[in-house]
Amino acid sequence: MSKFGLGRGLADLNKEMGTIPDISILTGAERVVVKQIPLAQIGANPDQPRKTFTESELSDLAASIKEKGVLQPILLRAVSGRPYMYEIVAGERRFRASKLAGLTEIPALVKQITPENAMEIALIENVQRENLNPIEEGNAYKNIMEKCGYELADVSRLIGKSESYIRNIMRLDSLPSDVKQMVETGVLSASHARAISVAENPTELAKQIIDNKMSVAETEKMVKGSARKSTSRAYIAKTIDAETVRQIETNISNALGVKAKLQEKRGGAGQIVLSFATRVQMQELIDKLVK
């Protein structure tokens with residue numbers, strides 16, 4: 001599947017989305033029409049990343065629409081086999097507010113767009129305008145990766161954010177529903193939530209963070225001392241005790257004739273450091289290891 005069929009993406013669409021309705025625009029070989037579309041013929045995009053629209057923001061926008069009208073057309077694509085003729089690609093908030101304002105139709109740009117490109121546009125629009133809460137944002141990345149076959153690097157290029165940022169946001173999906181709700185409502189920050197996502201008891205930790213008004217640094221310190229999920233990279237199924245470590249180091253030293261240091265890391269990983277004093281000792285060590 002060819003990724004990013006939008007070319008320059010929203011930049012081109014913004015040039016097309018003027019404020020004058022009932023005009024026809026020729027873009028390459030495709031004629032794109034901006035006209036008034038009845039609200040009854042429009043349906044929401046099931047893959048719209050944004051799931052929550054607050055009553056206050058819709059009321060404010062509805063009041064503005066009543067006074068000034070819809071200043072920027074929404075973006076639609078024609079669909080078949082649905083109870084509606086058009087599906088929203090961008091502008092669902094304007095669509096909802098127009099309904100609330102009592103409008104029966106809305107200016108819209110109707111464009112031929114594939115479902116994959118529609119997901120791209122919806123994601124870009126919401127991320128760039130910071131319309132998504134962290135839970136919605138993480139789910140949007142996961143959704144487009146699953147449905148469009150995108151890799152982490154593809155999403156990173158699409159939205160202009162680092163792979164580590166996307167990975168960390170997607171980690172929030174592993175949180176219990178009650179903790180997710182805390183993040184969605186803003187009671188718990190995304191940074192706090194990411195810190196406790198590796199813990200075995202995130203709900204309990206979230207309550208401690210809120211009750212004690214803990215900083216992110218304090219939270220990270222608390223998580224280090226708490227039990228980890230078995231799926232966490234920081235999970236240690238069985239830590240080697242100090243006496244066993246010393247015995248292992250002694251056995252290696254006796255066998256190889258050099259000082260050995262065993263360093264255990266999180267998740268069962270680690271390393272053995274061998275120290276030599278001279279080039280001769282180094283060569284002797286190499287000979288023993290390769291044999």
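Two helices each supply at least two residues to the lining of the largest cavity: H5 (134-148) and H7 (163-170). H5 gives the most, with four residues. The model is predicted.

The full lining reads Pro134, Ile135, Gly138, Asn139, Ile169, Met170, Leu172, Asp173 and Lys180. By residue class, five are nonpolar, two polar and two charged. Gly138 goes with the polar residues, because Gly is counted there by definition. The volume of this largest cavity is about 30 Å³. How many cavities of 30 Å³ or more does the rule count? The count comes to one.

Now turn to the strands. E6 covers residues 105-110, and five of its six residues are buried. The strand is thus mostly covered. Its partner here is E4, residues 74-78. The two strands run parallel, and three bridges join them. One pairing can be named by residue: leucine 75 has leucine 109, in E6, as its bridge partner.

Next, the whole protein. It holds 13 helices and eight strands. Of its 291 residues, 41% are buried. Burial here means under 20% relative accessible area. The protein exposes about 16,600 Å². Carbon and sulfur atoms supply 50% of that area.

Contacts can be sorted by separation along the sequence. Take those with a separation of 6 or more. What share of them comes from residues 24 or more positions apart? Such pairs account for 63%.

Note on methods: Residues are numbered from 1 along each chain as its sequence is written. This is a predicted model: local features need pLDDT of at least 70, side-chain atom pairs count only at pLDDT 80 or more; totals for chains, interfaces and linings use all residues. Side-chain values use heavy atoms; hydrogens and water are left out. Buried means under 20% relative accessible area, exposed over 50%, partly exposed in between (1.4 Å probe, protein chains only). Two strands pair if DSSP finds at least two bridges between them. Contact means heavy atoms within 4.5 Å. Accessible areas come from the Shrake-Rupley method with a 1.4 Å probe; for residues, only the protein chains shown count as cover. On a 1 Å grid over the protein atoms alone, a cavity is a set of points where a 1.4 Å probe fits but cannot get out, and a pocket is an open set with protein on both sides within 12 Å along at least five of seven lines; lining residues have an atom within 4 Å of a point. Grid points are joined across faces, edges and corners, and a volume is the space filled by probe spheres set on the points.
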